[in-house]
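User: Please take a close look at one part of this model, the contact between the two chains. A connected account is preferred to a list.

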2 protein chains.
Amino acid sequence: MSVTKAKGFEAAGFAAGLKSSGDRDVALVVNRGPSQAAAAVFTSNRAKANPILWSEQVISDGTVSAIVLNSGGANCYTGAFGFQTTHATAEAVGEALGVSSGDVLVCSTGLIGSGDQVFRDKVLAGVAGTASRLSPHGGSDAAHAILTTDSHAKEAVVDRDGWSIGAMAKGAGMLAPGLATMLVVITTDADLPSATLDAALRAATRVTFDRLDSDGCMSTNDQVTLLASGASGITPSVDDFTFALTAICRDLALQLQGDAEGSDHDIAIETINAASEDDAVEVGRAVARNNLFKAAVFGKDPNWGRVLAAVGTTRAEFDPYDIDVSINGVRVCRSGEPDEPRELVDLNPRAVHVLIDLKVGAAGATIWTNDLTHDYVHENSAYSS
Amino acid sequence: MSVTKAKGFEAAGFAAGLKSSGDRDVALVVNRGPSQAAAAVFTSNRAKANPILWSEQVISDGTVSAIVLNSGGANCYTGAFGFQTTHATAEAVGEALGVSSGDVLVCSTGLIGSGDQVFRDKVLAGVAGTASRLSPHGGSDAAHAILTTDSHAKEAVVDRDGWSIGAMAKGAGMLAPGLATMLVVITTDADLPSATLDAALRAATRVTFDRLDSDGCMSTNDQVTLLASGASGITPSVDDFTFALTAICRDLALQLQGDAEGSDHDIAIETINAASEDDAVEVGRAVARNNLFKAAVFGKDPNWGRVLAAVGTTRAEFDPYDIDVSINGVRVCRSGEPDEPRELVDLNPRAVHVLIDLKVGAAGATIWTNDLTHDYVHENSAYSS
């Protein structure tokens, strides 16, 4: 169901030949209203793909009729021709649906630098194909059409009293903040104005997608979009809506983590008793980006020295010699000295919990990452993406 | 010869049982004078090993009689007991040589968190063993004793008219700025005061060791030490000395790069026409830390999209759509669009040159890194360090 769970939405997925596998590769999600309020957040990478440049303009008035997404090509660093392709794609959607192209978001994912005439022709054919297949039950088809190296579709729904949120996501590599290499479409039939959607979306992504840092690499094409149809006729409180939206974003973020390219372990790095939330995030991110620690987890080695070496590179407030580190419940380091035997740590399960106690304040944050494995190297050396 | 090339120095290496392999693991370098001027730079990691805490005190007066180094244990995060071990090590050297322990630098490398009574006993026995073997020809023995996962010793010498510089280094992983996971001892018989040595050493390391970023991980034990005996009786100009010192540091940095754990390629990332040197360094470092790009090089895939995606994460001054990227002489991206065919790029040689033209200024810098390989993952998942 995913993006067609909430009332007022139709979706479709279509195989337009962009993927050599012949799988579905173009998705369309349409908001039938009555409201067409929307919000979106984009990659903070200054190297932005053409669909991002386009979509940033579209979202500026807070109104979106439809979003079209393709896998099989990022349309990034393809110059003026590539931007014209994005524009033509939005025009084609507008014509097929009878809406303004200025209300059509575009997302692309795949190899950077690919976006030639063949790509354009296939995308435009894909728009026609998806538009003719739109259905209130097309959510799963759409969720499959946006996948790249993902091993399965990511969908989530949250049901509330009379209103709901549904979502689909893709992303399996280049998962880093601001955002990850991911495309996410979230739909709701709650009746909320775009300013509220925007605030809720930024609040939700700040503590979910932005804290997923699989491999420290930031994408050029990331986009998280929230579309609200108002079809339930219900206006939930901002708090209730933000809570539900955050829950669905966390659900999807953890699905992305669990399907990260080549990963053997899902690592949650929880920093507690920090002087500020920013400090906790900085510390968690430094550990999440430490290749030596990530390789050690792959090798089931509870190498807390590499954790502290990473913590020491940050500007966070702490006493370097009064930090505790626990791994999967075993306090292997207490006040900067070896404590419980590292042999007690069981790193066989996929889930790994690293707890870093900075002992200087009351703030905390969790960063989610993955281990560094042979399969990660294999997938990213053998596959051009 | 290395550290005993310059007149006035003796050195030795000894197998004290710290390494399970039985290889040499304690090194001693002694400055017989007449001058004992010295300078040192240390890791900028706030998580500093006990030998760093000790050596920062020793170097503060610019006078050093000897430096003792051990592999087989980092003596980091070993608490007060570990600091006492470092102190006792310096005391033992002082007694053996008849010098003040306050003029004895200590370096350790190996597993963080290891530094128990057995470690202490072996190090102290190692001090006696090396002190009894000191020789003006002991440079190579010392260079072997400091190795960890290195596949071979790193030595270099520079000869000038009447004076010379010799050096030894170890380092094969955790190579990142500030500094790399490395220990370096440089000796010279030039007659220069410690303030001049300090300025020259900082100038040289800034453009050599600090621009080596093999795996983005910063160590807790790094130290680069420069000892000057004055035994040549010659005082070269500051410029001549700094030039020679920079040459020897670059030589060693490239030796470290060439022996980086599990690496298949040595990658030089040269950024040109930047608005400032800082910008060029930031851009180069961002690319050097991009796992996706590094895995692509391992796979011999000239994936310039990953280069631009990394460049886009920086704050450097540039137009994201007017950047050129060449890989091994082939301009695969011109003004942000595909240019020469990527198939022309030959990534079979070990040496890889990535040239990034930001087109906004006249500054430049080169960062040296390595690819991300199966062997890197294997070595760092199977080996506790």
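How many residues does the contact take from chain A and from chain B?

Analyst: The model is a predicted one. In it, 48 residues of chain A and 48 residues of chain B make up the contact. On the side of chain A that touches chain B, the elements giving two or more residues are α8 (291–298), α9 (304–311), β13 (337–338) and α10 (374–382) of chain A. By residue class, that side of chain A has 22 nonpolar, 21 polar and five charged residues.

The arrangement of the copies comes next. A turn of 180° with a shift of 0.0 Å along the axis lays chain A on chain B, at an RMSD of 0.0 Å. The two copies are therefore related as by a two-fold rotation axis. The C-alpha of chain A nearest to this axis belongs to H374(A), at 2.7 Å from it. Both copies use the same surface, since 100% of the contact residues of chain A recur in chain B.

As for the chain that carries this surface, chain A has 10 helices and 15 strands. Its radius of gyration is 21 Å, close to the 21 Å given by the globule rule for 385 residues, so chain A is as compact as a globular protein of that length. The C-alpha trace of chain A spans about 65 × 50 × 30 Å along its principal axes. Of the 385 residues in chain A, 65% are buried. Among contacts in chain A with a separation of 6 or more, 80% are between residues 24 or more positions apart.

Definitions and conventions
Residues numbered from 1 in each chain as written. Chains lettered and ligands numbered in written order. Predicted model: local features only at pLDDT ≥ 70, side-chain atom pairs only at ≥ 80, totals over all residues. Contact = placed C-beta atoms within 7 Å. Helix = DSSP H or I, 4+ residues; strand = E, 2+ residues; numbered from the N terminus. Nonpolar A, V, L, I, M, F, W, Y, C, P; charged D, E, K, R; others polar. Rg over C-alpha atoms; globule rule 2.2 N^0.38 Å. Buried ≥ 20, exposed ≤ 12 C-beta atoms within 10 Å, placed from the backbone. Least-squares fit on C-alpha atoms with pLDDT ≥ 70 in both.
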